Amino acid sequence: GEGGAQHEFERGRELLASGDLAGAAEKLSRARDLDTLRLRTDSRLNAITAELARDRTDDHVYFVDAVSGLAAAAPSGIPGDEFVYEHVHLTFSGNYLLARLIAEQAVQALGLAGSGNDSWIAEDECARRLGLTLWHRARNLERTAERLARPPFNQQVGHQERMAELERRLGVMRRSLTSEVEEESLNSSRALLAQNPDDWVLREQFADLLEAAGDFEAASDEIAAVVERLPHRPSMWYRLGALRNRQRDWEAAEGALRQALKLQPRYPQALNSLGICLSRQGDFDESYECFERAVEVMPWYGQAYFNWGLVLENQREVDAAAERYQDAIDASPDHIAAHQQLGQIHTGRGQFELAEPLYREVVRLAPESGAAHLNLALVCVRLNKRTDAIRHLERVLQLEPSNQLAKEYLQRVKAPDN
């Protein structure tokens, strides 16, 4: 209602669009303070923090005003997409600015010479030294989009608009990731690692690039080197096990994943990967147990439901597989493969009216996929939806001009006797 968080937020956005920056800042700040979802530090907590630090430099307590610092650097005076991905997680630019603010306060606290704007490494150079490539930036944005697609973020005001903007930015990044850019990223990361061989973060980032390039063996070797240095980190054992899975080295994968779970028993990603690994070795009962435990720990883990469904379907337990695919869709509504697999089950059973909405969702999620349009077109043929079938078959041929199956069906559907 009027005066509530949503009303204040919408009013703040209106004022921002109109150019009333002071009014917008006031309304947006009030919306944050009234929000019942306590995922942000509100004005009261910020004031308490500032008060606790005030006049305590003799006790070696110093206050870094990140709120004011970010606002001062934002073009509108209100931090937005340039510094935060959504409501709180900082972009690289945001993290760089925050680090600068902390460093400048540290200079004063230590009584060092004044910093000045020319005394710090520039943001681009900082990114280079940290091994942050365009691929890593795109991956960070993908993870943000995955997080925002889940509750409670997908229930926030402006969610669809925010997701559309993220997808737009991701599209721009992906189109820039040419094979030349990929090779350049690998070479620069390799050179950086040679200069800093003991930097395990750089080594892990290099492994990310190698995995993305399909060189799973080299990526495994890099992660194995990190594991040797950090054997207490379950995440590194998980990474190693997941990569061994991709190499189909099931025995080595199982050992690494069990070690990850020994260190962190409730590790859903490791449980999911172990479920895959065990199924490939014929241990289906424990495989199902792993998937079940994974989704028990993380109920929104659509990929675990999906992998569970694949194993069941491979064992010809089709009814149970269909249930798991539906669970995957319920947990992750944008899970393309789950829609696809469930649609195929319904198609195979002749349940075309059940398959149609699933294939339509695949087309919505992957509009540039010829296979998605073709599957929907073939179902439309079965349902005698001639106009829809023609439209999607023509789209297939726009995307894949040499698709012979689409050509044949289009000719048949357009024939006079149809």
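The exercises below, each with a worked solution, deal with a predicted model of one protein chain.

**Exercise 1. Overall make-up**

State how many helices and strands the chain has, and give the box that its C-alpha atoms fill.

Solution.
- Step 1. The secondary structure consists of 22 helices and 0 strands.
- Step 2. Along the principal axes, the C-alpha atoms of the chain take up a box of roughly 85 × 55 × 40 Å.
- Step 3. The chain has 418 residues, and 39% of them count as buried.

**Exercise 2. Disulfides**

How many disulfides does a search of the whole structure find? Examine C290 and its closest cysteine sulfur.

Solution.
- Step 1. A disulfide is a covalent bond between the sulfur atoms of two cysteines.
- Step 2. The cut-off needed here is a pair of cysteine sulfur atoms within 2.5 Å.
- Step 3. For C290, the closest cysteine sulfur belongs to C277, at 9.2 Å. This is too far for a bond, so C290 and C277 are not joined.
- Step 4. The search over the whole structure gives 0 disulfides.
- Step 5. As to surroundings, C290 has a relative accessible area of 1% and is buried. Another cysteine, C380, is at 0% relative accessibility and also counts as buried.

**Exercise 3. A salt bridge between helices α1 and α2**

Identify the partner of E8 in a salt bridge, and classify both residues as buried, partly exposed or exposed.

Solution.
- Step 1. The rule asks for a side-chain nitrogen of Lys or Arg within 4 Å of a carboxyl oxygen of Asp or Glu.
- Step 2. The partner of E8 is R30, with 3.5 Å between the closest N and O atoms.
- Step 3. E8 sits in helix α1 (residues 5-18) and R30 in helix α2 (residues 21-34), so the pair, 22 residues apart, links distant parts of the chain.
- Step 4. E8 has 4% relative accessibility, which means that E8 counts as buried. R30 has a relative accessible area of 42% and is partly exposed.

**Exercise 4. A second salt bridge from helix α1**

Which residue forms a salt bridge with R13, and where in the chain does that residue lie?

Solution.
- Step 1. R13 pairs with E161, and their closest N and O atoms are 3.7 Å apart.
- Step 2. E161 belongs to helix α8 (residues 159-176), while R13 is in helix α1; the two are 148 residues apart, and the pair links distant parts of the chain.
- Step 3. The relative accessible area of E161 is 52%, so E161 is exposed. For R13 the value is 33%, which makes R13 partly exposed.

**Exercise 5. The salt-bridge count and a network**

Give the count of salt bridges, describe the pair R56 and D59, and name the residues of a network with shared partners.

Solution.
- Step 1. The count comes to 33 salt bridges.
- Step 2. One of them joins R56 to D59, where the closest N and O atoms are 3.6 Å apart.
- Step 3. R56, at a relative accessible area of 34%, is partly exposed; D59, at 49%, is partly exposed.
- Step 4. Elsewhere, E204, D208, E211, R239 and R246 belong to one network, joined by salt bridges that share partners.

**Exercise 6. Surface patches**

Name the residues of a nonpolar patch and of a negative patch, and place one member of each in a helix.

Solution.
- Step 1. The nonpolar surface patch consists of L45, I48 and L52, which together have about 260 Å² of accessible area.
- Step 2. L52 is placed in helix α3 (residues 43-53). With a relative accessible area of 54%, L52 is exposed.
- Step 3. D283, D285, E289, E292 and E296 make up a negative patch on the surface.
- Step 4. E292 lies in helix α15 (residues 284-297). Its relative accessible area is 45%, so E292 is partly exposed.

**Exercise 7. Sequence separation and spatial separation**

For the pairs Q108 with R129 and Q344 with S402, give the separation along the chain and between C-alpha atoms.

Solution.
- Step 1. Q108 and R129 are 21 residues apart in sequence, and their C-alpha atoms are 25 Å apart.
- Step 2. Q108 is part of helix α5 (residues 92-109) and counts as exposed at 60% relative accessibility.
- Step 3. Q344 and S402 are 58 residues apart along the chain, with 24 Å between their C-alpha atoms.
- Step 4. Q344 is in helix α18 (residues 336-348) and, at 38% relative accessibility, counts as partly exposed.

Notes. Residues numbered from 1 in each chain as written. Predicted model: local features only at pLDDT ≥ 70, side-chain atom pairs only at ≥ 80, totals over all residues. Heavy atoms only, no water. Patch = residues over 30% accessible without salt bridge, like charges linked within 9 Å, V, L, I, M, F, W, Y side chains within 5 Å. Areas by Shrake-Rupley, 256 points an atom, 1.4 Å probe, with all protein chains shown as cover. Helix = DSSP H or I, 4+ residues; strand = E, 2+ residues; numbered from the N terminus. Buried < 20%, exposed > 50% of the residue type's maximum accessible area, 1.4 Å probe, protein only. Lys, Arg positive; Asp, Glu negative; His and termini not counted. Charge placed at Lys NZ, Arg CZ, Asp CG, Glu CD.
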